[in-house]
Amino acid sequence: MAKEKTLFFCRECGHESSKWLGQCPACHAWNTMVETPAAQKARGGAAVRTASASARPSRLNEIETQEECRRPVGMAEFDRVLGGGIVPGSLILVGGDPGIGKSTLLLQMCRLLAGDNVRVLYVSGEESARQIKLRAERIGTFSDELFLYSETCMGTIIQAVEEIRPEVVIVDSIQTMFEETVDAAPGSVSQVREITGILLHLAKSKNITVFIVGHVTKEGNVAGPRMLEHMVDTVLYFEGDKTAMYRMLRGVKNRFGSTNEVGVFEMRNQGLVEVPNPSEYMMQGRLEDEAGSVVVCTMEGTRPFLIEVQALVCQTSFPMPRRTAVGTDYNRVNLLMAVLEKRLGIRMADCDAYVNVAGGMRVTEPALDLALVAAILSSHRGQSLGSATVLFGEVGLVGEVRAVSQAERRVAEAVKAGYTTCILPESNRQSILRAGSLDVKGVRLLGIKHIRELPDCI
């Protein structure tokens, strides 16, 4: 009997090799090569090749285009991330940590679509139909246009799609599905790659919108080959701390809209509830006129957020001072404290420093630098920055305050929230005044070029 042929695949990028390697030559990740049987000729791959063989090259000027017909989901935050709604024939990947609320979010979407007379098929490989029914009863009443199917075999699922003819299909999750023609375990590289090809052909040939639920690794990436993210049209990540009430739906890839858009939801007993004004939600419970507390305006995609940054600086009783950063980069905090000590002459070597971005959010954009410096300086001096002050800007190693993007949107969000003073880079202040498109009456714009000007504002 001939020996069965096997191949080695990288779990991170999907690179294929005939022998095992300690380091993947494509993505340079260590110990990610797994052995799987060589995939046989499968239905999904053959279908894709057959469809492409009938196509002929065309001149670019001869190709007719039309505006994509989007179907709003009914959830404003979800539609924002998708770019206005779902596009028929698209393949959408939704990833997130276990228990974060991916299935609940998609089940709520199914309820709204089915209520709008859209036929939806929800395929679950992890839960039985009775378990999904129990979760659905907490969300609300569903119409008869929603069909539940507990199955893991792709051949049987394709037959169900042919019979029901839905407009939207949800597959929860791709790691539990298997294709009979591929001799590998469910969730393996071969299975995930082949099933994605089948679902891609299904979406394009039947003009069906397909949602794929994917689990994530401990690094935060979707489990399986990275080529999975390249094959789909849209990649959405559902993020948030399980202990916090809010969840964020972030779009990192979208062929039919802008990327890096964010939708905010709040987890309640009846499911996920949209948060139309995240700035107001994030600022709940903030104490006014407290030293070490400042407000910064950050951007998530094209959406401004007002977030509180807190700092606590005190004399240390240890030989080595303690530094803690929650919600931002720890090394960036150390760097900014070194800039404060060098450029302003403030001794930080004998001080413990604790920095926290309130609300459980994680912010890494450079516009947070000025707020971190102001919070540390305010706590060190024991003076409040003022409850009606918001600030943003990037700080360099020589102490200069550099301009940041979308400054006008940030100032407009601060004005809408009732803040009367905005500390920002001088170059951004001049560009806002030159544009003249923003009504700055009633708000004081303080432009600074160096952090040595910041103590005068406190």
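Q: Which residue with a positive phi follows H6?
A: This is a predicted model, in which local features need pLDDT of at least 70, side-chain atom pairs count only at pLDDT 80 or more, and totals for chains, interfaces and linings use all residues. Residues are numbered from 1 along each chain as its sequence is written, and side-chain values use heavy atoms, leaving out hydrogens and water. Helices (H or I, at least four residues) and strands (E, at least two) are DSSP runs numbered from the N terminus. After H6, phi is positive, near 55 degrees, at Asn207.

Q: What distance does H6 reach from its first C-alpha to its last?
A: H6 covers residues 189–206, which makes 18 residues. The expected span is 1.5 Å times one less than the number of residues. For H6 the expected value is 26 Å, and the helix comes close to it, reaching 26 Å.

Q: On which side or sides of H9 do its buried residues lie?
A: Buried (under 20% relative accessible area, with exposed over 50% and partly exposed in between, 1.4 Å probe, protein chains only) applies to Val333, Leu336, Met337, Val339 and Leu340 in H9. They cover an arc, taken from the directions from the helix axis to the C-beta atoms, of only 155 degrees, so they lie on the same side of H9.

Q: Which exposed residues does H9 carry on the face turned away from its buried side?
A: The buried residues of H9 pack, by contact (heavy atoms within 4.5 Å), against strand E15 (323–326), strand E16 (351–357), helix H10 (369–381) and strand E18 (394–395). The face turned away from that buried side carries the exposed Asn331 and Lys342.

Q: Which residue with a positive phi follows H9?
A: H9 spans residues 330–343 and has 14 residues. Behind H9, phi is positive, near 70 degrees, at Gly345.

Q: Which are the edge strands of the open sheet of 9 strands?
A: The order is E6-E5-E7-E8-E4-E9-E10-E11-E12, with mixed pairing. Two strands pair if DSSP finds at least two bridges between them. Each edge strand pairs on one side only, and these are strand E6 (146–150) and strand E12 (271–274).

Q: What is the bridge partner of Ile92 in E8?
A: Strands of a sheet pair through backbone hydrogen bonds, either parallel or antiparallel. Strand E4 (residues 91–96) and strand E8 (residues 209–215) pair in the parallel sense over 6 bridges. In E8, the partner of Ile92 is Phe211.
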